[in-house]
Each structure stands twice: as structure tokens, then as C-alpha cells.
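Notebook open, coffee poured. Here is what I looked up in this structure, one entry at a time.

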Amino acid sequence: MKQVAQETEKLILCIEDEAGMLDLLRLILETAGYRFVGAHDGIEGLEVMRQELPDLVLLDLMLPNVDGAEVLLQKKKDHTIKDLSLIHI
């Protein structure tokens, strides 16, 4: 009997400015069966949140341009993304 594919994989967005850390997290999370998207700064991270509506956001607090604290403030103000699950890393 043919197995039915799962609905969709959960999407995790990681906002992290260190390329090596993004690569490591991508490897770990994709191996575990998650879809992964990375953003290199807060501006890009907010754009991806609005476009993709990820299931979980991993947010580095020390970022160039717009830091993690500002990302949190902008997230709280935006009704389309304010309820997304987020973990500070």
C-alpha cells in the first residue's frame, strides 16, 4: 500500500548574520525534516516573515542594520506576523 505524504513540512525561519551558523542550522533542521529559510539581517527577516508566515522564527538579537530587539518591536506592531512563534537565540 502506498503511503500518503504528510500535509506539508513545517517552515522554520532563522534570522542570523553569521553564515556558518545559518549553514549549521539548515543542515540540522533539514535533516530533521523541516523546511528552512535563512535571513541575514532584521530587514530581510521581517520581509520573509510577512511573505512566508513561518511556523517558527529563530531570532539572533545581535544583527546588523535592524537588530533583534527592533525586529521584535516591528513584529508586535504588525497584525499579520505578531502571533508567529519566535525563539531568541
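**Entry 1: the end of H2**

I started just past helix H2, where Leu53 follows with a positive phi, near 45 degrees. A reminder to myself: this is a predicted model, and I read every entry below with that in mind.

**Entry 2: the start of H2**

Next I went to the other end of the helix. A side-chain oxygen of Asp41 comes to within 3.1 Å of the backbone nitrogen of Ile43 there.

**Entry 3: the buried side of H2**

Which residues of H2 are buried? I noted Gly42, Gly45, Leu46, Val48 and Met49. Looking down the axis of H2, I found these buried residues within an arc of 165 degrees, so they line one face of the helix. This fits a general rule: an α-helix has 3.6 residues a turn, so residues three or four places apart point the same way. I then asked what the buried residues of H2 pack against. Their partners are E1, E2, E3 and helix H3 (68-77).

**Entry 4: the sheet**

I turned to the strands and traced an open sheet of four, in the order E2-E1-E3-E4, with parallel pairing. Its edge strands are E2 (35-39) and E4 (86-88), each of which pairs on one side only. On average, neighbouring strands here are turned by 20 degrees against each other, direction ignored.

Then I checked the individual pairings. E1 (residues 11-15) and E3 (residues 56-59) pair in the parallel sense over four bridges, and in E3 the bridge partner of Cys14 is Leu58. Helix H1 (residues 19-31) packs on the sheet, where it touches E1, E2 and E3; the direction of H1 makes about 170 degrees with that of E2. Helix H2 (residues 42-52) also packs on the sheet and touches E1, E2 and E3, and its direction makes about 165 degrees with that of E1. On the E2 side, five bridges join E1 to E2, and the two run parallel. Ile15 stands opposite Ala39 in E2.

**Entry 5: strand E1**

How many residues of E1 are buried? I counted five of the five, so E1 is largely enclosed by the rest of the structure. Both of its faces are covered: Leu11, Leu13 and Ile15 lie on one side, Ile12 and Cys14 on the other. That split matches what I expect in general, since side chains in a regular strand alternate between the two faces of the sheet.

**Entry 6: the cores**

The largest nonpolar core has 14 residues, and Leu13, Ile15, Met49, Leu59 and Val71 touch the most other members. E1, H2, E3 and H3 each supply at least two residues of this core, and H2 gives the most, with three. I followed Leu59 a little further. Leaving aside neighbours within four places in sequence, Leu59 is in contact with Ile15, Gly68, Val71, Leu72, Leu86, Ile87, His88 and Ile89. Apart from the largest core lies another, of seven residues, among them Leu22, Leu29, Phe36 and Leu58.

**Entry 7: Met62**

Last stop: is Met62 buried or exposed? Met62 sits in the loop between E3 and H3. Its relative accessible area is 70%, and exposed means over 50%, so Met62 counts as exposed. I also checked its distance to Gly42: the two are 20 residues apart in sequence and 9.5 Å apart in space, C-alpha to C-alpha.

Methods: Residues are numbered from 1 along each chain as its sequence is written. This is a predicted model: local features need pLDDT of at least 70, side-chain atom pairs count only at pLDDT 80 or more; totals for chains, interfaces and linings use all residues. Side-chain values use heavy atoms; hydrogens and water are left out. Two strands pair if DSSP finds at least two bridges between them. Axes are lines fitted to C-alpha atoms, for helices over the stretch in contact, and angles run from 0 to 180 degrees between N-to-C directions. Contact means heavy atoms within 4.5 Å. Buried means under 20% relative accessible area, exposed over 50%, partly exposed in between (1.4 Å probe, protein chains only). The arc is that of the directions from the helix axis to the C-beta atoms. A polar contact is a pair of N or O atoms within 3.5 Å; within protein, one must be able to donate a hydrogen and the other to accept it, and residues adjacent in sequence count only if both atoms are side-chain atoms. A nonpolar core is a set of buried Ala, Val, Leu, Ile, Met, Phe, Trp, Tyr and Cys residues joined through side-chain atoms within 4.5 Å.
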